[in-house]
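Let's take a walk through this model together, one pair of side chains at a time. Have the sequence and the 3D view open as you read.

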Amino acid sequence: MKYQISSKGSAAKPTDTEFKQIKWIEKETDLPTLIEYLEKGHTYRANMDNTLNDGHKTLVSTQVVMIDVDGKHNPPTLSQFLEQTQLIPTFYYETFSSQNGERYRLGYMLNKEIKSKAEYNAIAHIIVERTGCLNKEMVDSVSFSALQNIAGTNKPVINNSIAYNKSDFDRLIDAYLPKVEVCRRFDIKLSYEEYDTMCDFLAVEGTFESFINHHPIDKELLKESVPDDEDETFYYWTDYK
C-alpha cells in the first residue's frame, strides 16, 4: 500500500511546531512495515499529491481508515472496546499520552484504495457505527478526514492482520454522501445533436464513480460538461430529454 511517513520517529507526541516541520517520505510497503514505523513513533498520513507540509494537499489514495478515540464523551477504554466491538480493527495502539487505555487509535485496512475525501469520510462514519460501541461524538473529528496526520506511539501496535473488502462498504456509502441538489434550470443546445433540450444543472459533492453508477447519464454529454475541479466538486448535465 502507498502512504507517506515522517522521516524521523519520536519518543513523545510531536508538538505543533514539530508537526509543522515534518519531512514526509513517500512509501509503498506492506502492513507490517507500516506498523514498525508507528511503533518507532513515526507520523503517518495517506498518499498525497505532494510531500509538502503547508499549502494545498489532495488525496491520491489510501487503504487505511484511522479512527482516533481521545477519551471525550465517555468512550469505552481500549480493553472495553476490544471486548464489545462488532468490527475488529486491523491494528490498534494506545497513543503517547494514554495512561489506562483511554486514548487509542484504530486502523481499518481495506483491500482496495479509497481515492476521494468524501468516500473516506463516508467509510469512516460507517466503521464507527458498525463497531456497535462508538459514536461520532466519542471519536476525534479528524477520524473523518483523509488528510489527517496520525502520530505513532511509544507503545506496542497490535496487528490482527485483517483486510476488509471495500465492496462491503461501497454498498452502504451513498447514505453518507452529500445529497444532490438542483441549483437552476435553463436551455442548452448540444453541439453534436440537432435539437434543443432542457437540462438540470447539478452541483454534486461526492465521488464521480458513485454518481454515474446510480444516475443514467449520456457519456458524451457528461464528458463535455464535467470541469476539472480541485476541490472535488463535480458538475453534471443530466435529466435531458
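By about how much of a helical turn are Lys166 and Asp170 separated in helix α5? Keep in mind that you're looking at a predicted model. Lys166 and Asp170 sit 4 residues apart in helix α5, so about one helical turn separates them. Their side chains meet in a salt bridge, with 3.1 Å from N to O. The two partners differ in how much surface they show: Lys166 has a relative accessible area of 8%, which is under 20%, so Lys166 is buried. Asp170, at 33%, counts as partly exposed.

Lys166 has another partner, too. Its side chain also forms a salt bridge with Glu119, at 2.5 Å from N to O. This one reaches across the chain: Lys166 belongs to helix α5, while Glu119 belongs to helix α4 (residues 117–131), 47 residues apart. Both Lys166 and Glu119 are buried. Put the two bridges together and you get one network, in which shared partners join Glu119, Lys166 and Asp170.

How many salt bridges are there in the whole count? The total comes to 6. One of them pairs Lys72 with Asp70, at 3.9 Å from N to O. Here Lys72 is partly exposed at 49% relative accessibility, whereas Asp70 is buried at 8%.

Now for the rings. A pair of aromatic rings is described by how far apart the centres are and by the angle between the planes. The structure holds 3 aromatic pairs, and here are two to look up. Phe81 and Tyr104 have ring centres 6.0 Å apart and planes at 45°, so this pair is tilted. Phe81 is in helix α3 (residues 78–84) and Tyr104 is in strand β6 (residues 104–114), so the pair ties together parts that are 23 residues apart in sequence. Both Phe81 and Tyr104 are buried.

Then there's Tyr108 with Tyr164: centres 6.0 Å apart, planes at 50°, so this pair is tilted. Tyr108 comes from strand β6 and Tyr164 from strand β8 (residues 163–164), so the pair ties together parts 56 residues apart in sequence. Tyr108 is buried, with a relative accessible area of 0%, and Tyr164 counts as buried at 17%.

One last stop is Leu172, in the loop between α5 (166–170) and β9 (181–189). Leu172 is partly exposed, with a relative accessible area of 31%. Setting aside neighbours within four places in sequence, Leu172 is in contact with Ile126 and Arg130. The C-alpha atoms of Leu172 and Ile126 are separated by 7.8 Å, though the two residues are 46 residues apart along the chain.

Note on methods:
Residues numbered from 1 in each chain as written. Predicted model: local features only at pLDDT ≥ 70, side-chain atom pairs only at ≥ 80, totals over all residues. Heavy atoms only, no water. Phe/Tyr/Trp six-rings, centres within 6.5 Å; stacked < 30°, edge-to-face > 60°. Helix = DSSP H or I, 4+ residues; strand = E, 2+ residues; numbered from the N terminus. Buried < 20%, exposed > 50% of the residue type's maximum accessible area, 1.4 Å probe, protein only. Contact = heavy atoms within 4.5 Å. Salt bridge = Lys/Arg side-chain N within 4 Å of Asp/Glu carboxyl O.
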